[in-house]
Amino acid sequence: MSTRRVAGIDCGTNSIRLLIADIGDDGRLRDVVRRMEVVRLGEGVDRTGRLADAALERTRTALADYTAQIRREGAEAVRMVATSASRDAANADDFTAMVETVLGQAPEVITGDEEARLSFTGAVATLPAHAGQRMLIDIGGGSTEFVRGTGSEVLAAISMDVGCVRMTERHLRSDPPRPDEIDAAVADVTALVDRGLAVADADRDATELVAVAGTATTIAGIALGLPAYDADAIDGSRLSYEQVAKVTADLAAADHAARLAIPVMHPGRADVIVGGALVLRTVMERSGIDSVLISEHDILDGIALSA
């Protein structure tokens, strides 16, 4: 079987991720390298409308490391996609110029709709068959994508400006968050989730909920009681609403140090995980789907497949 080596880079509000993979004749990805660095590119964007110099420098450092590895591994094609923070920033041209200098090509600052479709494509490539329609949610730092589809076909999609970094910076400023801060965040999240569901699944046709990205996989690791982050154990796990609600309540009651001490918690996620957990819990409440399938495969896989 012939293979082609490709690389995908996903630069979001909270993290920048790299996937180097081989694509066989069957169209399936086989991982060579999968990495993630928390760079918080979108730090302060919701408030200032601009990418901070320090955030751009953190991203540049990580991207330079990724670029060197892509060249060592001999990827034939590279696609870099930038999402929420880059769409929102007034100085997005500074980000583009930095990427061109480091990577040698410009990033694609994609729309929320394309972000949603890439997430669905990447996730369903490895999911077991489902007879009905699926609702996929990709909870990021600045936005959450809502995608409804059947098989590999996307039927409806929308991106909403509700994410773990955005909600944390907007509402959850105390450590641990005060009850009134939680209430304000929940009200904000609920309004945005309702709007997302009204477009993506107005008639509630989806019978299975799938969640991807770091918020969902971290919550799964906590709910499963894993002694360390284990992608194989998390991928394909199913959580009930009660499990998600309990993890969310426990995280909201803990301070930063306690969240940081959780074995599966990435250090760069501990300060924003509550905001993300509130999004997942609210989606389950408002969609009426009482369990969620967790996938380790997401937009990054979709980017690599399309490279």
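Okay, let's start with one residue: G8 is buried, with a relative accessible area of 0%. Before I go on, keep in mind that this is a predicted model.

So where does G8 sit? G8 is part of strand β1, and that strand covers residues 3-11. And what does G8 touch, once we skip residues up to four places away in sequence? The list is R17, L18, L19, R79, L300, I303 and A304. R79 comes up again as the bridge partner of G8 in β4. For a sense of distance, take G8 and L226: they are 218 residues apart in sequence, and C-alpha to C-alpha they are 28 Å apart in space.

Now let's widen the view to the sheet around G8. This one is an open sheet of five strands, in the order β3-β2-β1-β4-β5, and the pairing is mixed. The edges are β3, at 29-38, and β5, at 108-109, and each of those pairs on one side only.

Let's walk through the pairings. β1 and β2 (residues 15-24) are antiparallel, with nine bridges between them. They make a hairpin, with three residues in between. One pair to look for is T3, whose bridge partner in β2 is G24. On to β4, which is residues 77-82: β1 runs parallel to β4, and six bridges join the two. Then β4 and β5 are also parallel, joined by two bridges, and the partner of A82 in β5 is V109.

Two helices to point out here. α2, residues 53-73, packs on the sheet and touches β1, β2, β3 and β4, with its direction at about 15° to that of β2. α4, residues 92-103, packs on the sheet as well, touching β1 and β4, and its direction makes about 160° with that of β4.

Next, another sheet. Here we have an open sheet of six strands, again with mixed pairing, in the order β8-β7-β6-β9-β11-β10. Which strands are at the edges? Those are β8 (153-160) and β10 (238-240), each pairing on one side only. Going from one strand to the next, the twist averages 25°.

If you zoom in on β7, residues 144-150, you'll see that it runs antiparallel to β8, and seven bridges hold that pairing. Within it, E145 stands opposite S159 in β8.

This sheet has helices on it too. α8, residues 214-223, lies across β6, β9, β10 and β11, and runs at about 110° to β11. α10, residues 241-253, packs on the sheet, touches β10 and β11, and has a direction about 75° from that of β10.

Last stop: empty space inside. A general word first: rolling a probe the size of a water molecule over the atoms shows where empty space is left. How many cavities of 30 Å³ or more turn up when the whole structure is searched? Just one. The largest cavity has a volume of about 60 Å³. Its lining is made of 12 residues, and T13, G42, D46, G142 and R166 are the ones nearest the centre. The elements giving two or more residues to that lining are α1 (45-48), α3 (84-88) and α6 (164-170). By type, the lining has three nonpolar residues, five polar and four charged.

So, that's the tour: G8 in β1, the five-strand sheet, the six-strand sheet, and the cavity with its 12 lining residues. Thanks, everyone!

Notes. Residues numbered from 1 in each chain as written. Predicted model: local features only at pLDDT ≥ 70, side-chain atom pairs only at ≥ 80, totals over all residues. Heavy atoms only, no water. 1 Å grid on protein atoms, 1.4 Å probe; cavity = no way out; pocket = protein on both sides within 12 Å on 5 of 7 lines; lining within 4 Å. Points joined across faces, edges and corners; volume = space filled by probe spheres on them. Helix = DSSP H or I, 4+ residues; strand = E, 2+ residues; numbered from the N terminus. Nonpolar A, V, L, I, M, F, W, Y, C, P; charged D, E, K, R; others polar. Pairing = 2+ DSSP bridges. Axes fitted to C-alpha atoms, helices over the stretch in contact; angles between N-to-C directions. Contact = heavy atoms within 4.5 Å. Buried < 20%, exposed > 50% of the residue type's maximum accessible area, 1.4 Å probe, protein only.
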